[in-house]
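Please find below some comments on the model under discussion. They are set out as numbered points and can be read against the sequence and coordinates.

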Amino acid sequence: MLALSRASSSFSRAGRVSARSGRSSIQRQRVLLHPHQQQSRRAMASASASAGGPSSSSSSPALLHPSLLALLDDLDKLSPRFYLSPGEIDILTTPADFYATLKSKILSARSHVFLATLYIGRTEHDLIDTLRTALQKNPDLQVHLLTDALRGTREAPHASCASLMASLAADFPDRVHVRLFHTPKLRGLAKAVTPVRLNEGWGLQHMKLYGFDDEIILSGANLSEDYFTNRQDRYYLFHSAEVTAYYRRIFEAVSALSYKLDSDASSPSQFKLSWSTDPSLTSAPEPTKHPNTFCKAATALIAPLLRPPASSTSSASSSSCITNKQVKTVFYPISQMTPLLRPNHSTEAPAVERMLDVLSGPDQFSWMFTAGYFNIHPTYRSKFLDSDPEKGIIITAAPEANGFYQSAGVSKYLPPAYTQLAHEFVKDVAARKKSEKIKLLEWQNGVLNQPGGWTYHAKGIWLTPPAETTPCVTVIGSSNFTRRSHTMDLESNGLIVTVDEDLRQKMKDETENLQKFTKVMEEKDFQAENRKVGLGVKLSLAVLGLAL
């Protein structure tokens, strides 16, 4: 663990040295409360002043709503926190923006690129060539890749995500480091008999972390052609050495608990996986052979990264820093690592649940929730239904914009299953006589697999205080906010609370962009012939519940 901290501190120092030109040295030393990077309240005031501080002529409220100040106090006790200045978060809009930024940041990286994703598309030669070009022109560059082992190898021995990454590792064996995470839940007889297209139901590495020196993109998008062209998602670019270094520590910890991938020209798959750990980080055994011991070692490595540092308890609270106008934006990294932790120290579920508790108060917050797959965790579903908002919006994919639309095998039944769940939600809203306040919208831009057809994969939550028009809270990251997200997969996200007027306007613009191709769904819309759900799907839902 000490070696992990030293490596991360070194990365953070490198990030600060290489911060974008045009920023003063005091701006590069971000205000942060986190191990190795503590600063005094005087430094916080200086950073706020150097960024311009809260403007007295700002049209947004000078203070947060009291319910949100209380939320900050609780989040301070749950997660590490980072104070960000105006301009340190950019919101990208389209898949093309995401891919162009991704490639640009890779090519301009000076020391490190680290990419954590569910998978890289097996034909993404352009992305691999971009990494290769960056490595060729910069002999100091190190590239670290982390994907899921089950998803990354399922096409083997044919071309796969794993074989594609192995080709890059073969060209740069000392500078390209590839790891594949395998859930400890799938092993033995279950692993032997479960078909490869179904085995990911046991759990996945689902984080999406795209880091380059002192910048990182948090997203829900994977790295394949549709996510770069016609699959709508969300993408937040952070210009912060400290936030980037934090997520690199998360990346390194999960990588240390993952299989090492190497090129193997003698294998039909063109790659080999081996269990190789760094004793200075962990001595965890293979997850498929000794799952209990593996989880014990994983807990020792990861749990300390999820908790707030002990030093933060003696520091000024985030709510007081916001109230005293020392800080405009507070950022909390929240992660769900349930498959690895004994006991479960995950922070996503408790943070989001606490955030949604704001909706149960007497004040009418507006909210928006979106997920490509409509299968909201039952706790969150209840909180949305029980709320009394000025306006509540849920956006989900229409069947024709669902990535499983007309797919082969049992997955073709997923779009009608999500339709059934959406229908039940609309009926529950009506039963509570809240149809004028809470609306379910379906997103559709063309039809999947037809010319011009897009799919929808965005996921997130936004809160807007009463009588205000721009959101000041959002969650960005990989989670679909489902029961599966809380129990089976590895997720990493960020929760943002801000009074920065420019950032709030960007968040509002983002919500409006996501509503461009939507239609309000009412009870009568689900009665149409093409929306009727078969008995088999309903029975499957009754058996599976909300565990999709």
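**Notes on the predicted model**

1. Lys459 sits in the loop that runs between β17 (455-456) and β18 (460-464). The model is a predicted one, and the points below should be read accordingly.

2. Is Lys459 buried or exposed? Its relative accessibility is 1%. Because the cut-off for buried is under 20%, Lys459 counts as buried.

3. The surroundings of Lys459 come from several parts of the sequence. Leaving aside residues up to four places away in sequence, Lys459 touches His206, Gly220, Asp233 and Arg234, and also Thr370 and Ala371. Its other contacts are Val475, Gly477, Ser478, Ser479, Asn480 and Phe481. For one of these partners, Asn480, the C-alpha to C-alpha distance from Lys459 is 6.0 Å, at a separation of 21 residues in sequence.

4. Two of the residues touching Lys459, His206 and Gly220, fall within residues 201-227, which UniProt lists in an unreviewed entry as "domain: PLD phosphodiesterase". In the model this span is 33% strand and 11% helix, and 22 Å separates its end C-alpha atoms.

5. On confidence, the average pLDDT of the protein is 88, and 86% of the residues score at least 70. Residues 1-60 have a pLDDT below 50; in the model this stretch nevertheless has 115 contacts beyond near neighbours in sequence. Those contacts should be read with that pLDDT in view.

6. For the protein as a whole, there are 19 helices and 21 strands. Of its 548 residues, 58% count as buried. Among contacts between residues at least 6 apart in sequence, 79% join residues at least 24 apart.

7. The structure has four cavities of 30 Å³ or more. The second largest of them has a volume of about 50 Å³. Two elements, β15 (392-397) and α16 (414-431), each give two or more residues to the lining of this second largest cavity.

8. Which element gives the largest share of the lining of the second largest cavity? That element is α16, with four residues. The lining includes Pro415, Tyr418, Thr419 and Ala422. Also among the lining residues are Phe374, Thr396, Ala397, Ala398, Pro399, Asn402 and Glu442.

9. By residue class, the lining of the second largest cavity is made up of seven nonpolar residues, three polar ones and one charged one.

Methods. Residues are numbered from 1 along each chain as its sequence is written. This is a predicted model: local features need pLDDT of at least 70, side-chain atom pairs count only at pLDDT 80 or more; totals for chains, interfaces and linings use all residues. Side-chain values use heavy atoms; hydrogens and water are left out. pLDDT is the predictor's confidence in each residue, from 0 to 100. Contact means heavy atoms within 4.5 Å. On a 1 Å grid over the protein atoms alone, a cavity is a set of points where a 1.4 Å probe fits but cannot get out, and a pocket is an open set with protein on both sides within 12 Å along at least five of seven lines; lining residues have an atom within 4 Å of a point. Grid points are joined across faces, edges and corners, and a volume is the space filled by probe spheres set on the points. Ala, Val, Leu, Ile, Met, Phe, Trp, Tyr, Cys and Pro count as nonpolar, Asp, Glu, Lys and Arg as charged, and the others, Gly among them, as polar. UniProt positions are given in the numbering used here, feature names are shortened, and annotations may be inferred rather than shown by experiment. Buried means under 20% relative accessible area, exposed over 50%, partly exposed in between (1.4 Å probe, protein chains only).
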